[in-house]
Amino acid sequence: MSAAFNIMTIIAVSAGAFFFFAGTIGLLRFPDTLTRLHALTKADNLGLGFVVLGLLLQAPSIRDGLKLVAVWLLVLLAGATVSQLIARIARQDGASG
Amino acid sequence: MTIASTYEVALAMIVLGLAAWIITAQKSFAAAGGFVAYGLLLPLVWVRLGGIDVALAEAAIGGGLSGVLLLGAAARLGTTETAVVAERPGVLVRLLASVLSAFIALSLAAVVLLLPDPGPTLAPAAVENSAATGLGNPVTNVLMAFRAMDTLLEKVVLLLALIGIWSLVPDRFWGGRPGMRHEADPRGVLAFLARLLPPLGIVIGLYVLWVGADHPGGAFQGGTILAAMWLLVMMAGLMDAPPISRRWLRLTLIAGPGIFLVVGLGGLWLGNAFLAYPSAYAKPLIVAIELAMTLTVAATLGLLMAGVPERRA
Amino acid sequence: MNAAVVFGLCGAIAIGLGLYGLITNPQPLRKILAFNLLGSGAFLFFGVVARRGAAVGLGGDPVPQALVITGIVVAFAATALAVALLLRLFEMTGAATIRADTRSSPADDPEA
């Protein structure tokens with residue numbers, strides 16, 4: 001059973017790494033701030049979600065698993081808030097500049 | 001080359017690349033941003049080196065608080081950049097500086113490669129004597145019991161830095177509130193975050209303090225999280241910075257070192273040395289000191305970030 | 001090529017880079033950044049010594065690690081003081097430079 005868990009962890013974490021990679025390429029290649037924010041937040045939330053999913057399979061207890069999920073939710077919250085703030089400034093700069 | 005050492009070499013190269021970026025970036029704001037990223041990658045290095053408590057402290061204080069401080073300063077000083085860049089030293093000075101830096105870096109690298117094997121260590125002594133306090137985390141043992149004097153003096157250094165910052169205030173603002181009033185849209189995203197996150201953050205900060213007795217964590221890391229929540233609330237405009245003349249503020253600032261000093265003198269009076277904990281009460285005393293320390297660290301770090309008073313009370 | 005050696009070399013190079021930045025960057029804020037870099041490299045050295053002292057089931061010698069935690073907090077306090085001094089200098093003279101002869105006359109109030 002643990003061998004199956006290990007394989008699923010490797011698949012999930014690799015998927016997460018792929019999404020992080022895709023988000024980084026978006027950050028480097030997209031033309032302006034708003035599209036870059038889109039790439040970053042979508043890819044990083046999914047990326048971290050897959051990594052957490054993979055690690056959940058390795059967590060030694062339910063409490064540790066809940067802590068991992070809490071980490072993911074807090075990063076989602078922080079990412080969403082900061083993206084909104086940056087996007088608002090970018091739109092203001094774009095409208096006036 | 002195993003996977004682990006490949007990972008370590010890759011991590012070291014990314015960290016050094018960021019360090020080079022910090023030194024050579026054109027704009028200070030970009031360099032400060034790079035510094036935040038550097039401060040958040042270094043904890044990965046620390047985890048590989050086996051120092052989880054240090055990784056937590058580096059992420060919170062080195063990456064988080066220092067980064068915010070330097071980003072804010074870079075934003076305020078943005079207009080002075082072009083004038084000062086013109087003062088760049090000439091080619092000769094830069095050449096000599098690079099020779100000096102390379103020499104020092106190479107000497108230190110030689111030291112690293114020539115360190116004695118096996119290295120000297122105090123780990124066995126720390127583990128042997130851990131029965132004196134009953135705590136499970138060896139780093140907390142060292143911080144609070146074996147080298148408690150260092151921690152006490154560090155609290156005082158924090159206070160001195162804060163007094164140094166306060167001493168820069170113009171006479172007419174003495175006793176006033178640090179920094180400008182932040183006004184964020186009360187129905188906006190930042191105010192929402194500042195209402196949602198602090199309850200969670202306070203619980204997490206106190207948890208990190210509490211769990212530091214037996215697992216990685218501790219008073220500094222917990223206190224920094226509390227300070228960050230306080231700063232978030234101030235930055236969203238939900239609460240104003242307190243005037244520095246308020247008595248409760250000053251009592252909070254001296255609570256940590258004060259209780260530490262009282263316990264230390266009690267050890268001198270009742271025991272056999274300054275800061276000697278009586279073995280029956282060691283753990284409760286340490287927990288009490290850590291609690292006071294966390295509050296003081298949170299208040300001090302928050303005020304260090306808030307800066308020089310710029311308004312009347 | 002274990003962790004201690006790799007990150008020890010990383011710390012040595014970080015110290016070299018920080019020193020170079022401290023000497024050659026004319027802006028005080030960049031000097032403060034370089035100084036922090038220098039400090040973090042020195043802390044990595046402590047970490048290497050701690051890692052090599054791993055024994056009796058611990059991942060590292062706890063004494064250097066405790067010293068580094070203390071050092072990180074003190075370095076932050078020093079950075080905060082340095083930044084406050086710099087911002088005050090900027091407020092008073094309108095320029096953020098530490099060269100004495102280029103400073104303009106103090107621009108604000110006589111009570112300061």
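1. Chain B contains 12 helices and 2 strands. The model is predicted, so read every point below as a description of that model.

2. Now follow the order of these elements. Chain B runs α-α-α-α-α-α-α-α-β-α-α-α-α-β along its sequence. Trace this pattern in the structure as you read.

3. Next, the domains. The assignment splits out two in chain B: domain 1 covers 1–85, and domain 2 covers 135–313. Their centres, taken over C-alpha atoms, are 24 Å apart. Domain 1 of chain B puts 10 residues into the contact, and domain 2 of chain B puts in 11.

4. What classes of residue does domain 1 of chain B present to domain 2 of chain B? On that side there are 8 nonpolar residues, 1 polar residue and 1 charged residue.

5. Then the overall dimensions. The C-alpha trace of chain B spans about 65 × 60 × 35 Å along its principal axes. Chain B has 313 residues, and 42% of them are buried.

6. How far apart in sequence are the residues that touch? Take the contacts in chain B between residues at least 6 apart in sequence. Of these, 73% join residues at least 24 apart.

7. Last, the other chains. Which chains share the most contacts? There are 2 pairs of chains that touch, and chains B and C have the most contacts. Chains A and C are not joined by any contact. The closest C-alpha atoms of chain A and chain C lie 20 Å apart.

Methods:
Residues numbered from 1 in each chain as written. Chains lettered and ligands numbered in written order. Predicted model: local features only at pLDDT ≥ 70, side-chain atom pairs only at ≥ 80, totals over all residues. Domains from an automatic or database assignment. Contact = placed C-beta atoms within 7 Å. Nonpolar A, V, L, I, M, F, W, Y, C, P; charged D, E, K, R; others polar. Helix = DSSP H or I, 4+ residues; strand = E, 2+ residues; numbered from the N terminus. Buried ≥ 20, exposed ≤ 12 C-beta atoms within 10 Å, placed from the backbone.
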